[in-house]
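I opened the model to look up how its elements pack and pair. My entries follow, in the order in which I checked things.

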Amino acid sequence: MVDINQLVEIRWHGRGGQGAVTSAELLARAAIDEGKYAQAFPSFGPERRGAPVLSFVRVDSQQPIRTRAGIQEPDVVVVLDTTLLAITKITAGLKADGMVVINTRKPVKELRQEFGINCPLATVDATTIAREVLGIPITNTTMLGALVKATGIVKLESLEEPLKQRFGRLAERNIAAMKKAYQETSVKE
Amino acid sequence: MMAKRVGMEVSVAIGEAAKMANVDVVAAYPITPQTHIVEHLAELVADGELDAEYIPVESEHSAMSACLGSSAAGARTFTATAGQGLELMHEVLYVASSMRLPIVMTVANRALSAPLSVWGDHSDAMAVRDTGWIQLFTENGQEVVDNVLCAFRIAEDQRVLLPVMVHLDGFHLSHMIEPILLPEVEAVKRFIPPLKYPFPLDPLKPVSMGDFGPPFIYSEAKWAQEVKLREAKDVVVECWQEFGKQFQRHYSPVEEYRSEGADVLLLTMGSYSETAAAAIDKVRAEGKNIGLVRLRLWRPFPFAELRQKVSQARVLIVLDRALSIGGPVGPVCSEIRSALYGQAKQPKVVSIVGGLGGRDISVAGFEAIISRGIKVAEKGSRNEFEIFGVRE
């Protein structure tokens, strides 16, 4: 399992416009608010709506983070968009004891067979939750709930303030979507 | 109430620092990776949170030209740019320094085209080396914020009155969300006294600025500028000492990391220095006597401090993030060698170039640079310098 008392490196896979960069930022801000050290950054360079994008988060509860290089060997991979599984090797570089958190409707067994994912796996149907609670299929805040359930990297409450600051009047619904995903995420070794 | 570290994007934090410094005028043109800095300032002005003139200009050349005017009128002036934008400003940069205008500018360091690269390195900074600006390099978001505040105090000091560039690595710093402690506004107000520009443009008291300098006076004007820039070093150091007293974070022209008595030294500038420090911890743990030196003050060049900190070592490996194509070695290394030339005791200086156009250097990468540097110092190399990791 991912040891959250050590440096944890997280890579987000999304498509431009789905909020992978925003999720990374919100998570880092929540961790910093908890007194931890954290950094978040996009994959540097130009980005296009709809194209695959990456974002990164490092969280260290003990000491300041000194590296700013892109994350090549993540502890956790979060996938916002199911269609990325077919075109990207999302487990590339994943550490031996790493885990994957995926927005999907597919059963875990099928995911393992189809995409050769052998590590611990957390799944949630974030798109349906986002459609129901937010009215749009943008899954970034929803998947924050799934990530917290899967790893305990921050407390769920710690994300509420950053979400309020980021989304203003839309914050309440985003917090609700995050909490619903937290409840519905299932984690398989 | 104790100030609290908050997670924010470094570019946004720079905007907040300029706001705390209560700037009067921001004239800027957006360019990656600097855009978020001036975007945030534009927002602060539009929302009425910062009482300043925001001048959206049509190019960087115009941005710096507008800064000349506002600074000459005695207004506290800020701008930001990067890469090609800094190049487009180039000729105006000389005017700012030789007219002794205390403009502050952050540069989100970016590679130069072609091939087109929006990513970071120090090519843009090296190209403006001789423009007469005071130039500081920073390693993390907190350092950028602190040094933007210091930059105003240094620039506007009556003994200085010169523009200051604060360099921060594009993307690796500008786009990073990280913990930052914003000082309290009242403390910043005390730290940066109001600007009293001695000869502001005023229709009632006309002055000429940047006038013709025929051969009989040009050399003298340039020498005066040279003397002033060199003398500014003491004010920079004094400002950092005062900042340390008031805010408990300390800066100096040449900083060390586990370098005392080291046999081999690595010298870096900018945000890669933190990764380099992590590599030093690793090689030290293996019992190797290797340390790190970081150059923070680039102009005026801190000759005495540098000599004092590196001359006892056997090998000095200098990492450059820019090229001097067809020239001697990396531009920083070239200056280091020049600073050490003729000294009774000096290390063998090895030039390694790396991190061009945003290429990462990992901790393992720095370990490899150190071992390669030692090898080159001992056995030589067929090249004047080497590019780390380059595919030939």
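**Strand pairing and packing, chains A and B**

In strand 14 of chain B, I find K348(B) as the bridge partner of V315(B). I note at the outset that this is a predicted model.

I then looked up the rest of that pairing. Strand 13 (residues 315-320) of chain B and strand 14 of chain B run parallel and are joined by 6 bridges. Strand 14 (residues 348-353) is mostly covered, with 5 of its 6 residues buried.

**Open sheet, chain B**

In what order do the strands of the open sheet in chain B lie? I read the order as 3-2-4-5-7-6-12, for 7 strands with mixed pairing. Strand 3 (53-56) and strand 12 (297-299) of chain B are the edge strands, each pairing on one side only. From one strand to the next the twist averages 20°.

I checked what packs on the sheet. Helix 6 (residues 141-156) of chain B does, and it touches strand 5 (104-109), strand 6 and strand 7 (164-169) of chain B. The direction of helix 6 makes about 170° with that of strand 7 of chain B.

At the strand 12 edge, I find 2 bridges between strand 6 (residues 134-137) of chain B and strand 12 of chain B, and the two run antiparallel. Q135(B) is opposite R299(B) in strand 12 of chain B.

**Strand 7, chain B**

I took strand 7 of chain B next. Its pairing with strand 5 of chain B is parallel and has 6 bridges; N109(B) stands opposite D169(B) there. Its pairing with strand 6 of chain B is also parallel, with 4 bridges, and L136(B) has V166(B) as its bridge partner.

Is strand 7 of chain B covered on one face or on both? I find both covered: V164(B), V166(B) and L168(B) are buried on one side, and M165(B), H167(B) and D169(B) on the other. That agrees with the count for the strand, 6 of 6 residues buried.

**Helix 1 and K233, chain B**

Helix 1 (residues 10-20) of chain B is mostly covered, with 11 of its 11 residues buried. I note that the buried residues include E16(B) and K19(B). Just after this helix, N22(B) has a positive phi of about 55°.

I looked up K233(B), which lies in helix 8 (residues 215-247) of chain B. Why is K233(B) classed as buried? I count 20 other C-beta atoms within 10 Å of K233(B), and a residue is buried if that count is 20 or more. Leaving out residues up to four places away in sequence, K233(B) touches P300(B) and P302(B). I also looked up I154(B): its C-alpha atom is separated from that of K233(B) by 9.6 Å, and the two residues are 79 apart along the chain.

**Helix pairs, chain A**

I turned to chain A. Helix 1 (residues 20-33) of chain A and helix 5 (residues 140-151) of chain A have axes that come within 9 Å and cross at roughly 45°. That angle makes helix 1 of chain A oblique to helix 5 of chain A. The crossing of these two helices is right-handed. On the helix 1 side the contact is made by A20(A), T22(A), S23(A), L26(A) and L27(A), and on the helix 5 side by N140(A), M143(A) and L144(A). By class, I record 5 nonpolar, 3 polar and no charged residues in this contact.

Helix 4 (residues 126-133) of chain A also packs on helix 5 of chain A, at an angle of about 130° and with the axes 9 Å apart. Helix 4 and helix 5 of chain A are therefore oblique to each other, and their crossing is right-handed. A126(A), I129(A) and A130(A) of helix 4 meet T142(A), M143(A) and A146(A) of helix 5. I record 5 nonpolar, 1 polar and no charged residues for this contact.

**Contact between the chains**

Last, I looked up where the chains meet. I find 18 residues of chain A in contact with 21 residues of chain B. On the chain A side, helix 1 and strand 2 (37-42) each supply at least two residues. The largest share of that side, 6 residues, comes from strand 2 of chain A. By class, the chain A side divides into 10 nonpolar, 4 polar and 4 charged residues.

Notes: Residues are numbered from 1 along each chain as its sequence is written. Chains are lettered from A and ligands numbered from 1 in the order in which they are written. This is a predicted model: local features need pLDDT of at least 70, side-chain atom pairs count only at pLDDT 80 or more; totals for chains, interfaces and linings use all residues. Axes are lines fitted to C-alpha atoms, for helices over the stretch in contact, and angles run from 0 to 180 degrees between N-to-C directions. Angles under 35 degrees count as roughly parallel, over 145 as roughly antiparallel, 65 to 115 as roughly perpendicular and the rest as oblique. A crossing is left-handed if the near helix is turned anticlockwise from the far one by less than a right angle, and right-handed if clockwise. Two residues are in contact if their C-beta atoms, placed from the backbone, lie within 7 Å. Ala, Val, Leu, Ile, Met, Phe, Trp, Tyr, Cys and Pro count as nonpolar, Asp, Glu, Lys and Arg as charged, and the others, Gly among them, as polar. Two strands pair if DSSP finds at least two bridges between them. A residue is buried if 20 or more other C-beta atoms lie within 10 Å of its own, exposed if 12 or fewer, and partly exposed in between; C-beta atoms are placed from the backbone.
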